[in-house]
Amino acid sequence: MNIPGQKSAIQNPQPKILLIDPPFYRFFNYYNRYFPLGLSYLSSTLKKAGHQVTIYDADCNKNSKGMDYTRLPEKYRVYLKELRNPENPIIKEISETFIKYQPDVVGVTVMTPKAASAFTIASLAKKFNRNCRVVFGGPHATLKADEILKNAKDVDFVINGEGETALLELVNALAAGSVHPGAIQGVSYRDGDKIVHHAAKKFIDNLDNLPFPDRETLLGLDTYTSEDMGLLMGSRGCPYSCSYCATQIWTRKVRYRSLPNILEEIRRVHHRYGTRQFTFKDDSFTVNRKRVLEFCDRLMTEGVKINWDCNTRVDLVDPELLKTMKKAGCNSIKVGIESGSERILKLMDKGITLERTQEAARLFREAGIHWTAYFMMGIPTETKEDVRKTLDLLYKIKPSFASIGVYEPFPGTKLFDVGVEHGLVNRGMLYEDFFTRIPSDYYLKDVNRRVDTMNCGDFAALENEVKDAFHNYNKGIMRIFERAKARSSVYLHNPRIFFSDIEKFLGWV
């Protein structure tokens with residue numbers, strides 16, 4: 001491999017590749033649902049080309065107990081402490097995995113909260129073998145390639161955008177013993193003291209050309225439940241431009257897999273893992289109403305008897321659509337409500353109104369579909385009055401389940417720039433900052449000043465009050481009954497999932 005200015009160290013025509021999802025929830029003993037879908041797509045693409053690949057989900061927790069994600073930031077200091085503890089069993093496991101599988105290339109997917117964990121993996125990989133090539137990809141890597149390569153000397157390459165084609169070309173070049181950086185779009189690297197970026201490759205238009213996600217290569221395959229195996233992606237891209245969301249870095253054009261392609265994957269997963277409950281990870285599943293109706297019709301006419309859940313928006317549902325979805329097995333829908341303040345919704349570029357939110361809540365109830373509402377607080381310029389409007393809205397719309405989180409300034413979003421303008425957010429971070437600040441404080445200019453409308457103490461008190469209110473709301477007996485009812489068909493076919501849900505609930509309360 002000829003990295004600019006460096007002699008090749010990989011002479012193996014078939015380098016061993018280890019793809020890693022960094023540990024995060026596992027440090028707190030929290031549940032982390034599903035398998036790493038993105039890495040599995042990378043693996044199937046590499047394997048189709050003849051490469052040796054192993055997927056290591058280092059965040060897969062066999063004995064998890066925690067479920068109250070609204071309180072998760074309270075545990076972040078444990079994460080930072082244990083990342084620097086060489087005797088931590090998770091850290092030791094990572095090193096042992098390197099020794100066992102002897103990778104020539106390590107690929108790491110990076111979400112912003114997991115950045116410190118990803119950097120730790122890079123360091124351990126180089127400690128294992130200085131000639132092992134470390135490649136970062138994922139949302140944070142795409143947004144902060146320059147920052148990563150300036151700060152993290154153990155990272156050799158960063159993939160920008162969709163990774164399947166770019167990573168395959170990079171691995172092929174490494175396997176051939178040389179790299180011509182100009183020929184690999186979507187790859188960033190260091191060339192001496194200079195950092196070189198090549199524009200991301202064109203998005204994959206025909207998603208049917210991608211092989212199905214490689215679930216079989218997952219280490220510890222038997223630790224996943226049948227429901228974990230049911231994660232699907234029917235489309236890529238989102239046509240909306242919410243100011244808190246970084247998905248706009250991929251594309252606002254929605255690209256779809258064909259329905260026969262999706263149904264074939266469902267059948268294979270059901271046959272192989274006995275999966276009855278599937279989850280669509282699409283940003284807004286019902287953005288194409290006609291397609292969803294056709295999908296539901298094919299499920300019913302072709303006798304594909306499954307349950308499934310999805311994400312959507314309050315302005316993308318109607319009575320006929322919801323009725324058909326439920327009939328076809330949809331038993332849960334997740335929607336982003338975000339705020340009870342019209343002013344904050346406009347700042348978020350959400351494109352919805354409180355009136356439409358209340359109408360959608362009525363439609364969900366009438367359709368008898370379990371639905372989860374996601375809310376947010378701590379937005380720049382948000383006042384106590386705005387937050388109280390959010391709490392009021394919760395009690396008005398009465399979702400089956402509700403979750404609230406404090407806004408975290410993610411790079412690449414419009415709200416991140418708003419935070420910079422209001423003196424709340426720094427555009428960059430140093431390497432050490434990721435290990436000395438808890439993830440919820442990343443990129444904040446002053447960790448004691450999250451919003452510009454109240455002091456730290458007042459905001460902390462308000463946060464505790466609101467999170468307690470949400471927790472108590474979810475503990476209501478009707479909320480528990482609604483969830484159990486929605487999943488009754490799944491329980492009938494797999495009683496183990498019922499007992500697992502009971503255990504999760506006990507861990508949450």
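Where does Gln102 lie? In this predicted model, Gln102 sits in the loop that runs between α3 (89–101) and β3 (105–109). Its backbone is a bit unusual to look at: phi of Gln102 is near 45°, a positive value in a residue other than glycine. With a relative accessible area of 38%, Gln102 comes out as partly exposed. Thr381 is another non-glycine residue with a positive phi, here about 75°. It belongs to the loop between β14 (370–377) and α13 (384–397). Thr381 has a relative accessibility of 17%, so it counts as buried, the cut-off being under 20%.

Zooming out to the whole fold, the protein chain contains 19 helices and 15 strands. For 509 residues, a compact globule would be expected to have a radius of gyration near 23 Å, and the chain has 23 Å, so the two agree. Along the principal axes, the C-alpha atoms fill a box of roughly 65 × 60 × 40 Å. Some 57% of the 509 residues count as buried. As for how the chain contacts itself, take the contacts between residues at least 6 apart in sequence: 75% of these join residues at least 24 apart.

On to the empty space inside. Searching the whole structure turns up four cavities of 30 Å³ or more. The largest cavity holds about 90 Å³ of space. It is lined by 13 residues, and the ones closest to its centre are Tyr256, Asp282, Phe285, Arg291 and Val292. Two elements, α8 (259–273) and α9 (289–301), each give two or more residues to this lining. Helix α9 gives the most, with three residues. By residue type, the lining of the largest cavity splits into eight nonpolar, three polar and two charged residues.

The cysteines are next. A disulfide is a covalent bond between the sulfur atoms of two cysteines. The count here comes to zero disulfides. For Cys296, the closest cysteine sulfur belongs to Cys330 and is 7.5 Å away, which is too far for a bond, given that a disulfide needs the sulfur atoms within 2.5 Å. Cys310 is in no disulfide either, and its nearest cysteine sulfur, again that of Cys330, is 4.6 Å away. Cys296 is buried, at 0% relative accessibility. Cys310 is buried as well, with a relative accessible area of 0%.

Cys296 also turns up in the surroundings of Thr324. Leaving aside residues up to four places away in sequence, Thr324 touches Leu293, Cys296 and Met300. Thr324 itself is part of helix α10, which covers residues 319–327. Its relative accessible area is 18%, so Thr324 is buried.

Further along the chain, Ala486 lies in helix α17, which spans residues 477–486. Ala486 is buried, with a relative accessible area of 16%. Again setting aside residues up to four places away in sequence, the contacts of Ala486 are with Asn331 and His370. Glu408 is 78 residues from Ala486 along the chain, and the C-alpha atoms of the two are separated by 32 Å.

Key
Residues numbered from 1 in each chain as written. Predicted model: local features only at pLDDT ≥ 70, side-chain atom pairs only at ≥ 80, totals over all residues. Heavy atoms only, no water. 1 Å grid on protein atoms, 1.4 Å probe; cavity = no way out; pocket = protein on both sides within 12 Å on 5 of 7 lines; lining within 4 Å. Points joined across faces, edges and corners; volume = space filled by probe spheres on them. Helix = DSSP H or I, 4+ residues; strand = E, 2+ residues; numbered from the N terminus. Nonpolar A, V, L, I, M, F, W, Y, C, P; charged D, E, K, R; others polar. Buried < 20%, exposed > 50% of the residue type's maximum accessible area, 1.4 Å probe, protein only. Contact = heavy atoms within 4.5 Å. Rg over C-alpha atoms; globule rule 2.2 N^0.38 Å.
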